[in-house]
Protein chains: 2
Amino acid sequence: MARIELYDTTLRDGAQREGISFSVLDKLHIAQKLDEFGFDYIEGGWPGANPKDNEFFQRAAGLGFKKARLVAFGSTRKAGVAVESDANIKALVESGAPVITLVGKSSAPQVEKVLATSLDENIGMVADSIRYLKSLGRTVFLDAEHFFDGFKADREYSLKVLKEAAEAGADCLVLCDTNGGSLPDEVAEAVKTVVAAIEVPVGIHAHNDAELAVANSLAAVKAGATQVQGTINGYGERCGNANLCSIVPALKLKMGIDVIGDLELTRLADLSHFISEVANLSPDPFLPYVGHSAFTHKAGLHVSGLSRWVFAYQHIDPASVGNKPRTLVSELAGRTNIIQRAQEIGVNLSPKSHESQELLERVKKLESMGFQYENAEASFDLLVHRANPGYVPPFHLVDFMVIVEKRRRPPIVACEEEEMMSEAVVKVRVGGEIMHTAAEGSGPVNALDAAMRKALLPSYPALDTVKLTDFKVRILEESTGTESLVRVLIESTDGTDEWHTVGASANLIEASWLALVDSLEYFLIKK
Amino acid sequence: MARIELYDTTLRDGAQREGISFSVLDKLHIAQKLDEFGFDYIEGGWPGANPKDNEFFQRAAGLGFKKARLVAFGSTRKAGVAVESDANIKALVESGAPVITLVGKSSAPQVEKVLATSLDENIGMVADSIRYLKSLGRTVFLDAEHFFDGFKADREYSLKVLKEAAEAGADCLVLCDTNGGSLPDEVAEAVKTVVAAIEVPVGIHAHNDAELAVANSLAAVKAGATQVQGTINGYGERCGNANLCSIVPALKLKMGIDVIGDLELTRLADLSHFISEVANLSPDPFLPYVGHSAFTHKAGLHVSGLSRWVFAYQHIDPASVGNKPRTLVSELAGRTNIIQRAQEIGVNLSPKSHESQELLERVKKLESMGFQYENAEASFDLLVHRANPGYVPPFHLVDFMVIVEKRRRPPIVACEEEEMMSEAVVKVRVGGEIMHTAAEGSGPVNALDAAMRKALLPSYPALDTVKLTDFKVRILEESTGTESLVRVLIESTDGTDEWHTVGASANLIEASWLALVDSLEYFLIKK
């Protein structure tokens, strides 16, 4: 059996999900993580469609993937335009991506009703574009849009598009269930027909509009497809794309196809959570394999059954995908992890010591209050230092106050003038001295930051190099609206290193304040 | 082909989902709604397992279903106990339910490792219990637990359990993928084997642990199963049960099996929302067929395609399941989207008019300032209304102030005491009157919300029903840290409808304030 290749399109098709908007830096982080996981292809975006994607491709070239090949996505040339002068094709070439996926229509009714061009011109658009990009030495995949619906409506035409694409040099014919409504048997039959008729490798790109995207992808592989496209967590337009977090373990653990290493597979749950974190979406606890509830047992019958046999109510070993059963009492990292991390930053804790016990208790308590140290090592390191009785913090907070005000001035000009004012007052003890400072800012946290710097800079001029580069806010509990628990993650840099800190509170400002203060303190003790 | 029967277990297996806890009254309402929709069987609970379920069966007898038959669920007799004196069997009988589903093990390793009894005794438990309940005139279904895993491990034994159940008089053999890990081909092969070997009708009960529950259910029907069990929205333990909201339309619209009337099918989306409402869970917008986003179009390419052909990017007519297409208003799309959305809320804009031009400019400007309307239709609708010169807003904001303060009290006890205080003052003009109010809250936005309500409630008591159910904060521009642009999305509900509003600003508090005020204004003009 041919090797099955995994193709991730979280950064392009996944980003079509309502509510997702990745920055260029988000995309770069995600691409790196996807490569580490072991995907064969990572589709980065649609060059020419927006400036963000152009910038991504420029910067992604420097990432140095260990395994994956970077893919740029775009359409075939426009009807009636020469391929060399088509703006979209130019943007694809300029992206520098070694692999290009071209979307072209493979359904006769779509060509006639939506593209509003002739069936022959559509084939010309597909073939010309492939031939041109192949002549430039690129690997070219055809994303055969609406293939399965087209195959049902006019089988001859859909196959003809694929044959011409194959002749033009396409490296893979990716059959796309664009509207997401096909049934697994229909997919299997169509894939078999294509595999029998054409020599070029076949891929599958499924959407989840009938809740069948995973089944359709597996059916296509069984029928001979050798490339599977999908997204992490099934993110995508409408009801989403085929979910790679369910497809990868099914291929590997259930169908015995070695698409990924055992070790890499144990990072699946982590990958899923990482992507939802960057997308600023709550991880879906009910996701198969990777969800927090995927191996959670509520019924007493099931829990007692599990105590007798681990497979009594579990279809796989949760550890194989980096998940765990929720019968575990504590969800927190255990004592070993904490001691290990302390060692890494030069603090020796003996496992049985009073200090390490206290630190463990403190981490548990803070995590139950909404702190999370997985993405905020700097805050965790501070906890370790503070657990050391000899630790001398560079400053002590006394108190703070923030005022945010909106005043409507008298309308002296035609339009109403409004003024937003944010002001912060902080009191900090540095050495033996109390610094009492005030500052304005573009918002309350910015004002707090400015006031803190005023207080600390005289003693610590190096703080001048510290910049806060990202600020993420996450609401932890649903259904309580503005009273809900808030977690703030701050990313900082001094131009050389980058560090992350966390704060949590029912009060947005307090959570921000805690993360902000940790960032400054971490920098000062690291110096 | 035999008629396919639909069996709903939302009230029993669905209620195993983490976070669901139905009251007896909830269950009665749901049962009524399920009957109206047209299910053949409604499983109400597990009599004897808890007093709530006993009460439910007592009261459900009076519901007078128009079509459905009520089902009680329970286990076969215990090992070594006579069936007439088994407490669980007694409770089933006393429930008065005309149909009884008995769960019995049909997997040899499960019997030996988990039940810890002999293979023969297990068969005795199944057969005795069925025979006894049949002798009392009940319809009896066997829920053959772990059937598919058992079939893989020891095919002979699993088939033997079914054969003995059939001989004892079972009316349906429901093959259960208890651990939810089976693949569609495995399910199809096992069902075919059973259908060929045994005369009694076969059912399918699938779980979604491999994201294949819908596919497995459809595969079973194709292979000869005539009863499909599942839950509304796929609620259920771990990753959930087979989702009837996806299975019913697939059977009816895609496989041509007339399981339900056309009119009933148009109530599917409503049924889905009703159940999530009663379960007190946010409806999942990404659910196939019934989700708010299931027919939502974001990319300009797709929107313009749809304007040419309704099936360009939709697999079915949304109206057939009671859903509707939705257009996301975003930078990606153009004027067509905006005019279409305005039409959806009953405002007619001609594409070339001054108003539509101005509105487009305003949306563009606001989006460049960080507002995003694709997840905040309520704010967009307000923009449309405000573009109308005759619009009279229900209130006018004058100004506001927020103070957040942290004061460290003198350490009178061993640990340091800290106090966070959030207070808001707002000035609002309602009709001719200026309302000047103040309130405290758990954080600055909560305090603003409380102060706004104080100001508006005297004039608009209906606001009392409005709750903010979610609050999302997103930082828009990286590399500027705490000075960055912030977007706040607020989700609100009045118990019936749900709406989303947006605010954006460099000031976190102002962004929250804008989204909050839009939420209240939208509710008031909608009334």
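**Note on the predicted two-chain model**

1. Over residues 4-269 of chain A, the chain is 44% helix and 17% strand, and the C-alpha atoms at the two ends of this stretch lie 21 Å apart. These values, like those that follow, come from a predicted model. The stretch is the one that UniProt lists, in an unreviewed entry, as "domain: Pyruvate carboxyltransferase" for residues 4-269 of chain A.

2. In chain B, eight strands close into a barrel, with parallel pairing and the order β1-β2-β3-β4-β5-β6-β7-β8. Within this sheet, neighbouring strands are turned against each other by 25° on average, with direction ignored.

3. One pairing can be followed in detail: strand β6 of chain B (residues 172-177) runs parallel to strand β7 of chain B (residues 202-206), and five bridges join the two. At the level of single residues, V174(B) has G203(B), in β7(B), as its bridge partner.

4. Elsewhere in chain B, helix α2 (residues 51-60) lies across two strands, β2 (41-45) and β3 (69-75), and runs at about 140° to β2(B).

5. Turning to the contact between the chains, 87 residues are taken from chain A and 88 residues from chain B. On the side of chain A that touches chain B, the largest share comes from strand β9 of chain A (residues 396-408), which contributes 11 residues. By residue class, that side of chain A divides into 37 nonpolar, 29 polar and 21 charged residues.

Terms used. Residues numbered from 1 in each chain as written. Chains lettered and ligands numbered in written order. Predicted model: local features only at pLDDT ≥ 70, side-chain atom pairs only at ≥ 80, totals over all residues. Contact = placed C-beta atoms within 7 Å. Helix = DSSP H or I, 4+ residues; strand = E, 2+ residues; numbered from the N terminus. Nonpolar A, V, L, I, M, F, W, Y, C, P; charged D, E, K, R; others polar. UniProt positions renumbered as here; feature names shortened; annotations may be inferred. Pairing = 2+ DSSP bridges. Axes fitted to C-alpha atoms, helices over the stretch in contact; angles between N-to-C directions.
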